[in-house]
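Welcome, and please get your viewer ready for a short tour. Each stop suggests something to select and then says what to look for there.

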Amino acid sequence: MSYQKGGKTLPKRLPRLRVRRHRTPLRSEKSIVIAYLLWLFGGFLGLHHLYLRRDGHAFIWCCTLGGFFGWGWFDDMLNIPQYVRQVNNDSVLVRRLPQMYRPPFSWKRVYGQYLLGSLFGHVCQLGIPKDLEDYLRWCIPLSISFGVWLVGNIGRECGVWWHTGLATCFIYYRFYGEDCGLLMISLLSSCVFTYFSRRWRPHPQRRRACLIRFGRFIIAFGIYMGLWLSFLHFNAIIEIEPGIHVSVKQVFHYFLQSKWWTRFKLALTELWGYGKTYGLRKALEYEEGFGLIRGVDELNM
């Protein structure tokens, strides 16, 4: 149906316009009080960074015991308010950043890249078994580049990995076998990331589910600790006397076969069985079991 008006044919009924409403997902505001409490009681493990969705920062703190033995933990005391503002107003802050210019140069960030890259490179070098060194030695420059890239992607700054990865592999090929090789590689890799890859983060970080974040964190930290365990199992050596070296693996094997460990394991087994039968209170009053433990102490003396 239509009708004439002013020489124009108009529909009798106008079609309805469907307006789609874009719902903004609810975002929980982070509390500066909770952040400071987590910093105070779990800052060395990076709990406050996990709370503020800075998973990479928290991983670094776990690997370095609070930012290289507490230095970073102390520095966080002054920076937590800024971290909270970033996580609460992330989209607003990103729009204000100058997209056409690089972030300002920061000696603290470059020094952190140098330290973490050197640490990851040395840990990887220590953890590779001697028999597989010819096949896995290229994991060393990759671990250095990962440490440099990880520090460079903290906060509002970011950068791609392949710039640093290619440069690190080339520099590693050049300085391989020299005494200051890993330190030099880490320093040059930090400079490459700073001058070729560093930029502002163009959009807010994607908010992932807690289960995914926790899984990625556990996998990364498990790989890091696995390198330390590999070093203790394959490469660690103890000098018991001048000129006499014994591997940690052999020392641990001798300890498990010693009389002290055999007696102590027997005492704990008897106490555990007595506690399951008569309860914890009776087990604490069981004199024969504790007598075995005292006998172990006398054997040790």
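Start by selecting Ile237 and Ser247: Ser247, in strand E6, is the bridge partner of Ile237. Keep in mind along the way that this is a predicted model.

**First stop: the hairpin**

Now widen the selection to residues 237–241, which are strand E5, and residues 244–247, which are strand E6. How do these two strands pair? They run in the antiparallel sense, joined over four bridges. Between the strands of this hairpin there are two residues. Click on Gly243 and check its backbone: in this hairpin Gly243 has a positive phi near 90 degrees.

**Second stop: Asn235**

Next, select Asn235, which belongs to helix H11, residues 210–235. Is Asn235 buried or exposed? With a relative accessible area of 14%, Asn235 falls under the 20% cut-off and therefore counts as buried.

Show the side chain of Asn235 as sticks and look for two backbone oxygens. The one of Leu126 lies 2.6 Å from a polar atom of the Asn235 side chain. The other belongs to Ile128, and the Asn235 side chain reaches that oxygen at 2.9 Å. To see the surroundings, display the residues that Asn235 contacts beyond its neighbours within four places in sequence: Leu126, Gly127, Ile128, Pro129, Lys130 and Ser230.

**Third stop: Ala35**

Move on to helix H1, residues 32–42, and pick out Ala35. Its relative accessible area is 0%, so Ala35 is buried. Which residues should you show around Ala35? Setting aside neighbours within four places in sequence, Ala35 is in contact with His48, Tyr51, Leu52, Ile80 and Val84. For a distance to check in the viewer, take the C-alpha atoms of Ala35 and Tyr51: the two residues are 16 apart along the chain, and these atoms are separated by 7.0 Å.

**Last stop: a nonpolar patch**

Finally, switch on the surface and select Leu142, Phe146, Val160, Trp161, Trp162 and Leu166. These residues form a nonpolar patch on the surface, and together they have about 560 Å² of accessible area. Which helices each supply at least two residues of the patch? Colour helix H8 (139–152) and helix H9 (162–175) to see the answer.

Before you leave, zoom in on Trp162, a patch member that is found in helix H9. Trp162 has a relative accessible area of 48%, so this residue is classed as partly exposed.

Notes. Residues numbered from 1 in each chain as written. Predicted model: local features only at pLDDT ≥ 70, side-chain atom pairs only at ≥ 80, totals over all residues. Heavy atoms only, no water. Patch = residues over 30% accessible without salt bridge, like charges linked within 9 Å, V, L, I, M, F, W, Y side chains within 5 Å. Areas by Shrake-Rupley, 256 points an atom, 1.4 Å probe, with all protein chains shown as cover. Salt bridge = Lys/Arg side-chain N within 4 Å of Asp/Glu carboxyl O. Buried < 20%, exposed > 50% of the residue type's maximum accessible area, 1.4 Å probe, protein only. Polar contact = N/O pair within 3.5 Å; in protein donor to acceptor, adjacent residues only side chain to side chain. Contact = heavy atoms within 4.5 Å. Pairing = 2+ DSSP bridges.
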